[in-house]
Amino acid sequence: EVITVQELANRMAERGADVIKQLMRLGVMATINQSIDADTAELVVQEFGHRLKRVAESDVEIGLEGEVDVDENLEPRAPVVTVMGHVDHGKTSLLDALRSTDVAAGEAGGITQHIGAYQVKLGSGQKITFLDTPGHEAFTAMRARGAKVTDIVVLVVAADDGIMPQTVEAIRHARAAGVPMVVAINKIDKPDANPNKVRQNLLQHEVVVEELGGEVQAIEVSAKSRIGLDKLEEAILLQAEILELRANPNREAAGVVIEAKLDRGRGPVATVLVQKGTLKVGDIFVAGSEWGKVRALLNDRGDQQTEAGPAVPVEVLGLTGTPSAGDDFQVVDSEARAREVTAFRQRRTKEQRAVGTARVSLEQMFSKIKEGQAKELPVVIKADVQGSLEAIVGSLTKMGTDEVQVRILHDAVGGITESDVTLAKASNAPIIAFNVRANKQAREMADHEGVEIRYYSIIYDLVDDVKSALSGLLAPTL
Ligand code: GDP
């Protein structure tokens, strides 16, 4: 018995009555002051769609996130943007160009360092934070670790080259993450640039830009000739306004590790994106399985900072070990607390390694559906030929009911690649392979990440497996 219903409700910022209702659905009768066990609490947390913080019997981590921020404490914060798109379409160039729009960029002493993210301050005083590791690998890897970092994806499409395979992949990743997109049609300085064609072709991937009656902003830019950068930034800020991004700056800091490395001179260094609260020199914190005391905070120009608030990326010195990108970051009260939490996490990691990674399997999804915990079955489908693929996709999409649906994250012809595994992992989806195999890297990665690959050579078997899951084990009607 680890937590009272009231306490659980508080930590999730849900109403006590709703938690009790949810417990009843799970067959547990409890009053607001009664305690429930950790497993039950976990189920409830998942039901509400919250991110799970509990880790074990010891309840070491419950409450690590601190109190929930009430509305009146929230203040507007800068949007956090990731740039994605096909190779050579200008992601890096665009990030460099945008970086130099910072009003402080021209000031003395500034040699920019790559710390994994930077913030620009515009003439208007508004700010935008960019993660400067472009591409969907980093984006998806973060997501796979449970970190939600990006508010907006800027999809870069070269106007002379148009939609390419990685453009489509990026669209898929953004969509799977539920992150809105702003399209940057780049290289419009080129004589063979055809931005209209880009807008048209985006339609085929269900990205409808404003000019064609949709809601997605598409801005023509040239990273090289520095055209349209201000318009792109305006579009990002407009999108951000719609999202109403807010955070409480007046609390202990929490965020995500964007990058971490062991620096020869400085020891372990991590770039942290603060998501709420304000991080200060002297703060004691936990980052993944490591902890530390902030010795110094540096921005992307190497300038010392005394503090960093929401949406601000900073390099943090003072770690006792090197955390991983995607690890959560949290300021705690005391060194004792930091040691307790990290000791616990390190032990847990060891145990998990011994047991093997939790598998993302079709069976597991089925049982989740059965328990009413999942309303959809996400899958990645790869097939040998277009005809089979269409047949499979056709049958699976028709199969859904009001209660459970198959959600196809990605379907394509060809063997299974690492990119498929990353995508599947990020959404806890199995991969369904029809007459195709995984390459060695993908197989190893799937093994390592615990992503199930199910191989089929008869469409009927495949469809039958999925159907029996969906129709035989429907979510109970409540
Ligand atoms: P990434 O692979 O998406 O990061 O692309 P890069 O930023 O490395 O750019 C690929 C190539 O396109 C480089 O040679 C850039 O100089 C060039 N490039 C990038 N943006 C523009 C642009 O706006 N106009 C022109 N003409 N070339 C560009």
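In this predicted model, the first packing to look at is between two helices: Val5, Leu8, Ala9 and Met12 on helix 1 meet Gly16, Val19, Ile20 and Leu23 on helix 2. Sorted by type, the residues of that contact come out as 7 nonpolar, 1 polar and no charged. Helix 1 covers residues 5-12 and helix 2 covers residues 16-25; their axes lie 9 Å apart and the packing angle is about 115°. That angle makes helix 1 roughly perpendicular to helix 2, because values from 65 to 115 degrees fall in that class. As for handedness, helix 1 passes helix 2 in a right-handed crossing.

Zooming out for a moment, the chain has 14 helices and 23 strands. Of its 478 residues, 49% are buried. Take the contacts between residues at least 6 apart in sequence, and 72% of them turn out to join residues at least 24 apart.

Next come the sheets. One of them is an open sheet of 6 strands, with mixed pairing and the order 5-6-4-7-8-9. Strand 5 (117-121) and strand 9 (218-220) sit at the edges with a single partner strand each, so one side of each is left without a neighbour in the sheet. Going from one strand to the next, the twist averages 30°. Within this sheet, strand 4 (residues 80-85) and strand 7 (residues 152-158) run parallel and are joined by 5 bridges. For Met84, the bridge partner in strand 7 is Leu155. Helix 4 (residues 91-99) packs on the sheet, where it touches strand 4, strand 5, strand 6 (127-131), strand 7 and strand 8 (181-186). The direction of helix 4 makes about 45° with that of strand 5.

Further along the chain, what links strand 11 to strand 12? The two form a hairpin, with 3 residues between them. Strand 11 (residues 254-263) and strand 12 (residues 267-276) run antiparallel, and 9 bridges join them. Within this pair, Val256 stands opposite Leu273 in strand 12. Strand 11 also has strand 19 (residues 328-332) as an antiparallel partner, this time through 3 bridges. Here Gly255 has Phe329 in strand 19 as its bridge partner. As general background, strands of a sheet pair through backbone hydrogen bonds, either parallel or antiparallel.

There is also an open sheet of 4 strands, ordered 21-20-22-23, and its pairing is parallel. Its edge strands are strand 21 (405-413) and strand 23 (453-456), each of which pairs on one side only. The twist in this sheet averages 25° from one strand to the next. Strand 20 (residues 376-383) pairs with strand 21 in the parallel sense over 8 bridges, and Ile381 stands opposite Asp411 in strand 21. A helix packs on this sheet as well: helix 12 (residues 418-426) touches strand 20, strand 21 and strand 22 (431-434). The direction of helix 12 makes about 175° with that of strand 20.

Key:
Residues numbered from 1 in each chain as written. Predicted model: local features only at pLDDT ≥ 70, side-chain atom pairs only at ≥ 80, totals over all residues. Heavy atoms only, no water. Axes fitted to C-alpha atoms, helices over the stretch in contact; angles between N-to-C directions. Parallel < 35°, antiparallel > 145°, perpendicular 65-115°, else oblique. Left-handed = near helix turned anticlockwise from the far one by under 90°. Contact = heavy atoms within 4.5 Å. Nonpolar A, V, L, I, M, F, W, Y, C, P; charged D, E, K, R; others polar. Pairing = 2+ DSSP bridges. Buried < 20%, exposed > 50% of the residue type's maximum accessible area, 1.4 Å probe, protein only.
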